[in-house]
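Reader: I have a protein structure to study and would like to go through it step by step. Could we take it as questions and answers?

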Amino acid sequence: MTLCIHAHLVPFLFPRRSTSLALIVGSSLALTVHAEDTMRFQEGVSPSSDYHHATVEMRQGAPSNQRLGPMLRVGFQPQEGTQKMRSIFVFPLYDLPHNAVVEETKLVLHPLSITRRIEDLQLYRLSSDNDVLEREASWEGPSKGILWQTPGGDFEEPALSKMPGFDQATPGDVVDFPSTEKFVAAAQDALNSGKPLALLIRSADSEQSRGAQYVRFASNRYEENLQWRPELVIRYRQNK
């Protein structure tokens, strides 16, 4: 979009600011403005009701080593063979314009319940080149017959974003992994490469606990309120 602004109005519109002007013609200034927009990625909701993304709860010691249900647990549970628990999120970004420049990225979650406490949570980008298959991914690997290099998921250090720990959770609460430069760069790289943005959540300190210490988040299968499903929010501008 290009705006034509008369030169005598510039001091009033841009007081004490340096303004990037694309073209000066006579007494008018042509100013190029790149509009920003926001796109939300949420199972069955946005960008459309047909949108699907994967979520998987991985369990270190459970017989199935994974769980597909309405909740995702993160933390530590020493009972019933389960130990460390981590969750994976895989968001296709195909609905974003191919020339989008990512400005801000955050992951919004809804905690449903909690044990006595969950310590700080970390969000990582998966580093595996293998596709994560929702009905096959487990603590051992992203799909049947394919192993992680390190059981529990291969992810890039340092974390893309962090969330402070908490000791209370009521259905309807909202928490998020805020935007950071690393999170923005990961989303941009996924978009440029044409691959989904694959993420992993863990709580490093809770995984060292001797007692139960975990949180349950609504998953992409949560049916009681679709707005509580995981939501990736990306603010971007189009680079024309």
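Reader: Which residues point one way from S11, and which the other way?

Author: This is a predicted model, and the side chains of strand S11 are divided between two directions. All of the residues concerned are buried, meaning under 20% relative accessible area. One way point Leu-121, Leu-123 and Arg-125, and the other way point Gln-122 and Tyr-124.

Reader: How many residues of S11 are buried?

Author: Strand S11 spans residues 121-125. The strand is mostly covered. The count of buried residues in S11 is five of five.

Reader: Which residue in S12 is the bridge partner of Leu-121?

Author: S11 pairs with S12 in the antiparallel sense, over three bridges. Strand S12 covers residues 161-163. Within S12, the residue bridged to Leu-121 is Met-163.

Reader: Which residue in S14 stands opposite Arg-125?

Author: S11 also pairs with strand S14, which covers residues 197-202. That pairing is antiparallel and has four bridges. Opposite Arg-125 in S14 stands Leu-199.

Reader: Where is the place of Thr-150, and is it buried, partly exposed or exposed?

Author: Thr-150 sits in the loop between S11 and S12. Its relative accessibility is 47%. Buried means under 20% and exposed means over 50%. Because 47% falls in between, Thr-150 counts as partly exposed.

Reader: What distance separates the C-alpha atoms of Thr-150 and Trp-139?

Author: Along the chain, Thr-150 and Trp-139 are 11 residues apart. In space, the separation of their C-alpha atoms is 9.2 Å.

Reader: Which residue does a cis peptide bond join to Glu-157?

Author: The bond in question has an omega of about -5 degrees. The residue after the bond lies in the loop between S11 and S12. The residue joined to Glu-157 is Pro-158.

Reader: What is omega for the peptide bond from Ser-46 to Pro-47?

Author: Pro-47 lies in the loop between strand S4 (36-41) and strand S5 (54-59). The peptide bond from Ser-46 to Pro-47 is cis. Its omega is near 5 degrees.

Reader: Why is strand S15 largely enclosed by the rest of the structure?

Author: Strand S15 runs over residues 213-218, six residues in total. S15 is largely enclosed because the number of its residues that are buried is five.

Reader: Which residue in S15 is the bridge partner of Phe-76?

Author: Strand S7, residues 71-76, pairs with S15 in the antiparallel sense. The two strands share six bridges. In S15, the partner of Phe-76 is Gln-213.

Reader: Which residue in S15 stands opposite Pro-111?

Author: Strand S10, residues 111-114, pairs with S15 over three bridges. The sense of this pairing is antiparallel. Opposite Pro-111 stands Phe-217.

Reader: Which residues lie nearest the centre of the largest pocket?

Author: The largest pocket holds about 450 Å³ of space. Its lining of 21 residues has nine nonpolar, six polar and six charged residues. Nearest the centre are Asn-130, Asp-131, Lys-195, Pro-196 and Ala-198.

Reader: What share of the contacts with a separation of 6 or more comes from residues 24 or more positions apart?

Author: The protein has two helices and 16 strands. Of its 240 residues, 48% are buried. For contacts with a separation of 6 or more, the share from residues 24 or more positions apart is 76%.

Technical notes. Residues are numbered from 1 along each chain as its sequence is written. This is a predicted model: local features need pLDDT of at least 70, side-chain atom pairs count only at pLDDT 80 or more; totals for chains, interfaces and linings use all residues. Side-chain values use heavy atoms; hydrogens and water are left out. On a 1 Å grid over the protein atoms alone, a cavity is a set of points where a 1.4 Å probe fits but cannot get out, and a pocket is an open set with protein on both sides within 12 Å along at least five of seven lines; lining residues have an atom within 4 Å of a point. Grid points are joined across faces, edges and corners, and a volume is the space filled by probe spheres set on the points. Ala, Val, Leu, Ile, Met, Phe, Trp, Tyr, Cys and Pro count as nonpolar, Asp, Glu, Lys and Arg as charged, and the others, Gly among them, as polar. Buried means under 20% relative accessible area, exposed over 50%, partly exposed in between (1.4 Å probe, protein chains only). Contact means heavy atoms within 4.5 Å. Two strands pair if DSSP finds at least two bridges between them.
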